[in-house]
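Trainee: Got a minute to go through this one with me? I'd like to start with how the helices pack.
Mentor: Sure, pull it up.

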Amino acid sequence: MNDTAGVGRRSRGGGGGAARRAERTAVRQEFTRFIERNIPNLDILNEEALAIIEANAETVLEEIGVSFVDNPAALARWREAGADVKGERVRLPKGLARKLCATAPAMFTQHARNPDRNVVIGGKGLVLAPVYGPPFVRDAEGGRRYATIEDFRNFVKLGQMSKWLHHSGGTVCEPTDVAVNKRHLDMLHAHMTLADKPYMGSVTERSRCVDSVEMSKILFGADFVDQNTVMTSLININSPLTFDPIMMDALEVYASANQACIISPFIVGGAMAPVTVAGTLTQVLAEVLAGVAYSQLIRPGAPVIFGAFVTSIDMNSGAPTFGTPEAAQITLGAGQLARRLGLPYRSAGAFCGSKLPDAQAAYESANSLNIGLLSGVNFMLHACGWLEGGLVSSYEKYIMDADQLGVMHRLAAGIDMSANGQAMDALREVGPGGHFLGCDHTQANFKNAFWRTDLLDYKPFETWEEEGARDTVALAGVRVKKMLGDYQAPDLDPGLAEALSDYVARKKAAVPDAFV
């Protein structure tokens, strides 16, 4: 179901023609509900292949094991749970990890401060979130540069204004002009005040995770946060088979607070995993099993997501590659493994290795986005804005990608087989040799019959040339300025706004700036 509602409308003028003109030109902010698929998933592995990979993953956990580095408390938990712990290596008897994973929910609701923006993660749902993590930004006017907090706030505003995005995301870019030990406060404050969609918490240090929880308690109330999920956070596994203390600190804080974690191996095939698809899937499953099982040792029933960030490597340059057939096969196969484990699935995104929002970026991103839809992904991080292998958040590509997410909504809806969808009345009315433009069925359906872009140019050549012969990047740049100009902050209770600002100010004043 993809109901779209317009809110935040500004009107001006009086009645009659003035009112109609005002209606046409007024700012209209639209939001689209998260995707619920009415199409089947594409299963690439047969039952025999799935059984082999699952058995191999259990063998990896039992014979090779995983390392929990610099984390004596985690080793103690594993030992108590029945694992074989020698040094920092943890070996799990066959079946132990899967048994522990059984308490993790198959789906959960992440609440937004505006309940109309709540999302359900799992099942047939697909939640789209923007790019995460780049230290650089790029736009057509300023080129490539280090990101600032102003850029961060701009991307949050674009996300709030983008009707096909369901989630505000997390580190949409890294604001390098704010101290490392304080920037998480400004980033969370931006998500909480400039948007009313769900958001992600900080994961870069334990105290920053605690701040994320505490700020969420201010926004939602402490009791609500304890009993409901209001944050999703990204926990990357240091592949191969290593769980580092910073990520485990974050997992422990969020799981204990009943907040969702994406347990996501960070795979570069040929460097951090085997070069073969089956071998990589075996490693991905082993790492996810161990990570999800550990989350359930912290708090049984804590919400988690089966993550798989997968790319391959260019064997000539060593650079990561995106939109490749091997990555597609792994994304599809991991989706099957996640569904068999009964967990929500995170993968895919608008991935590309291109330096510019050009044809390479479009091809690679389209490949990855479409595979994500077909593989049954439930939470898609990096759905728009990703450039240069994840080093850059691009303003123009954000807009280009977000426009294409509308195509995914329409594809996922499936084919309408109602009486209206069958269109027999139109076929009878027009008959042989006629045309359908003026028939009653067309008149009743033309507004919503076809997906319509907010960006791409379909005008005649002469009109396009008269308007400046603008390419897609130029059109996207114009739309960036329009969306930021039209932006209106969602309503927030003044008392909550003051409490959040006060928390940020007190925490930032309590310690000196640190840029390492």
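Mentor: Let's begin with one pair: helix 2 and helix 11 are roughly perpendicular to each other. Keep in mind that this is a predicted model.

Trainee: What angle do helix 2 and helix 11 pack at, and how far apart are their axes?
Mentor: The angle is about 75°, and the axes are 11 Å apart. Helix 2 covers residues 47-64, and helix 11 covers residues 325-341. Angles of 65 to 115 degrees count as roughly perpendicular, so that label fits helix 2 and helix 11.

Trainee: Which residues meet there?
Mentor: From helix 2 you have Glu 47, Leu 50, Ala 51, Ile 53 and Glu 54. On the helix 11 side they meet Gln 336, Leu 337 and Arg 340. By type, that contact of helix 2 with helix 11 has four nonpolar residues, one polar and three charged.

Trainee: OK, switching topic. How many cavities of 30 Å³ or more does a search of the whole structure find?
Mentor: Just one. The space in that largest cavity is about 70 Å³.

Trainee: And what lines the largest cavity?
Mentor: The lining is Tyr 132, Gly 170, Thr 171, His 184, Met 187, Leu 188, His 191, Met 200, Gly 201 and Ser 202. Sorted by type, these lining residues come out as six polar, four nonpolar and no charged.

Trainee: Which helix gives the most to that lining?
Mentor: Helix 6, residues 183-194, which contributes four residues.

Trainee: What does helix 6 pack against, then?
Mentor: One partner is helix 19, residues 494-509. The angle there is about 175° and the axes are 10 Å apart. Over 145 degrees counts as roughly antiparallel, so helix 6 and helix 19 are roughly antiparallel to each other.

Trainee: Who makes the contact?
Mentor: Helix 6 brings Leu 185, Asp 186, His 189, Met 192 and Thr 193. Helix 19 brings Leu 500, Ser 501, Tyr 503, Val 504, Lys 507 and Lys 508. The split for the contact of helix 6 with helix 19 is five nonpolar, three polar and three charged.

Trainee: Last thing, the sheet. What's the strand order in the open one with four strands?
Mentor: It runs 5-6-4-14, with mixed pairing. Strand 5 (84-86) and strand 14 (242-243) are the edges, each pairing on one side only.

Trainee: In which sense do strand 5 and strand 6 pair, parallel or antiparallel?
Mentor: Antiparallel, over three bridges, with strand 6 at residues 89-91. Asp 84 stands opposite Arg 91 of strand 6.

Technical notes: Residues numbered from 1 in each chain as written. Predicted model: local features only at pLDDT ≥ 70, side-chain atom pairs only at ≥ 80, totals over all residues. Heavy atoms only, no water. Pairing = 2+ DSSP bridges. Helix = DSSP H or I, 4+ residues; strand = E, 2+ residues; numbered from the N terminus. Axes fitted to C-alpha atoms, helices over the stretch in contact; angles between N-to-C directions. Parallel < 35°, antiparallel > 145°, perpendicular 65-115°, else oblique. Contact = heavy atoms within 4.5 Å. Nonpolar A, V, L, I, M, F, W, Y, C, P; charged D, E, K, R; others polar. 1 Å grid on protein atoms, 1.4 Å probe; cavity = no way out; pocket = protein on both sides within 12 Å on 5 of 7 lines; lining within 4 Å. Points joined across faces, edges and corners; volume = space filled by probe spheres on them.
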